[in-house]
Amino acid sequence: MHPNVSQGCQGGCATCSDYNGCLSCKPRLFFVLERIGMKQIGVCLSSCPSGYYGTRYPDINKCTKCKADCDTCFNKNFCTKCKSGFYLHLGKCLDNCPEGLEANNHTMECVSIVHCEASEWSPWSPCMKKGKTCGFKRGTETRVREITQHPSAKGNLCPPTSETRKCTVQRKKCQKGERGKKGRERKRKKPNKEESKDAIPDNKGLEPSRETPEQRENKDKQQQKKRKVQDKQQKSSVDLFWGLKSP
């Protein structure tokens, strides 16, 4: 045995040296070289560190460094996580994702583009106008659908989720309680003929309003004055008549 090689090593080494550290490892442990300054030191670990992958050989289990753009890997040809600025696709680290795929900046992977999907249209709603289904001839009807799959960043946008079209129905009268607010206001503003007729007072057959004492007194005075004038005129006519007949 070389004089610089020792078998009384620490840290899982089978053989070691004062200058190079571990030279071989105990069974099931992985040998890896760690750089410290300008020199490399051998260490024995139960699993390979990040950026390395392990390979088992009959005489030694060895950790080998991943490719430069790979952060963690399964072997030299299959990366499991890329370094910053690269996107993982099928074990490789790429600057840009292939056509038909898009970059997921959260997972740093190339993923399939997802397009928007919508359900089937619902049946058309009843023909309506101002929230009512009566009291009109022309109105509108509506149908809706739901979004079942929202799109990814490069996916097709979602279509409209509602459609409205004009409709025509046979006019029918609204039942009690079906008239809308505007209809009730219109009814208050424009009473029907029967209400208008009832609202106009009919004085036919009613007794005349009673006169006050003052009105009755003034009326009596006017009648007395009128009779005096008539009596005076009658007296003047009689005097004139007898004056003409005197001998």
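# Notebook: salt bridges, disulfides and a few strands

**Salt bridges.** I started with charged pairs, and the structure holds two salt bridges. I'm working from a predicted model here, so I keep that in mind throughout.

As background, side chains of opposite charge can pair when their charged atoms come close. I looked up E141 and found its partner to be R165, with the closest N and O atoms 2.5 Å apart. This pair links distant parts of the chain: E141 sits in strand 15 and R165 in strand 17, 24 residues apart. Buried or exposed, I wondered about E141? E141 has a relative accessible area of 13%, so I noted it as buried. R165 comes out at 40% relative accessibility and counts as partly exposed.

Next I took E163, which forms a salt bridge with R143, the closest N and O atoms being 2.9 Å apart. Here too distant parts of the chain are linked, with E163 in strand 17 and R143 in strand 15, 20 residues apart. I put E163 down as partly exposed because its relative accessible area is 31%.

**Confidence.** Then I checked how far to trust the model. The protein chain has a mean pLDDT of 81, and 77% of its residues reach 70 or more. Residues 203-208 are a weak spot: the pLDDT there is below 50, and beyond near neighbours in sequence the stretch has zero contacts in the model. Where pLDDT is low, the predicted coordinates should not be read in detail, so I left that stretch alone.

**Disulfides.** How many disulfides does a search of the whole structure find? I got 11. A reminder to myself: a disulfide is a covalent bond between the sulfur atoms of two cysteines. I went through three of the links one by one.

I began with C48 and C63, whose sulfur atoms are 1.9 Å apart. The angle about the S-S bond is -95 degrees, and this link is left-handed. C48 lies in the loop between strand 5 (39-45) and strand 6 (52-56), while C63 is in strand 7 (residues 61-65), so the disulfide ties together parts 15 residues apart in sequence. C63 has a relative accessible area of 7%, so I call it buried.

I then turned to C70 and C79, joined by a disulfide with an S to S distance of 2.0 Å. With 105 degrees about the S-S bond, this link is right-handed. Both C70 and C79 are buried.

After that I looked at C134 and C174, which form a disulfide with their sulfur atoms 2.1 Å apart. The torsion about their S-S bond is about 110 degrees, so I wrote this one down as right-handed. What does the pair tie together? C134 is in the loop between strand 14 (117-118) and strand 15 (138-144), and C174 is in the loop between strand 17 (162-168) and helix 1 (181-189), so the link ties together parts that are 40 residues apart in sequence. C134 is buried because its relative accessible area is 7%. C174 is at 26%, which makes it partly exposed.

**Around N61.** I went back to strand 7, where N61 is placed. Its relative accessibility is 11%, so N61 counts as buried. Which residues does N61 touch, leaving aside its neighbours within four places in sequence? I listed R28, L29, F30, F31, T55 and R56. A polar atom of the N61 side chain lies 3.4 Å from the backbone oxygen of L29.

I also looked at P27, found in the loop between strand 3 (21-25) and strand 4 (30-36). The C-alpha atoms of P27 and N61 are separated by 8.2 Å, with the two residues 34 apart along the chain. Buried or exposed, then, for P27? P27 counts as exposed because its relative accessibility is 67%.

**Strands 2 and 3.** My last stop was strand 2 (residues 13-17), which is mostly covered, with four of its five residues buried. Strand 2 pairs with strand 3 in the antiparallel sense, over four bridges. The two strands form a hairpin with three residues between them. I looked up one bridge by name: C13 has C25 in strand 3 as its partner.

Notes:
Residues are numbered from 1 along each chain as its sequence is written. This is a predicted model: local features need pLDDT of at least 70, side-chain atom pairs count only at pLDDT 80 or more; totals for chains, interfaces and linings use all residues. Side-chain values use heavy atoms; hydrogens and water are left out. pLDDT is the predictor's confidence in each residue, from 0 to 100. Contact means heavy atoms within 4.5 Å. A disulfide is a pair of cysteine sulfur atoms within 2.5 Å. Buried means under 20% relative accessible area, exposed over 50%, partly exposed in between (1.4 Å probe, protein chains only). A polar contact is a pair of N or O atoms within 3.5 Å; within protein, one must be able to donate a hydrogen and the other to accept it, and residues adjacent in sequence count only if both atoms are side-chain atoms. Two strands pair if DSSP finds at least two bridges between them. A salt bridge is a side-chain nitrogen of Lys or Arg within 4 Å of a carboxyl oxygen of Asp or Glu.
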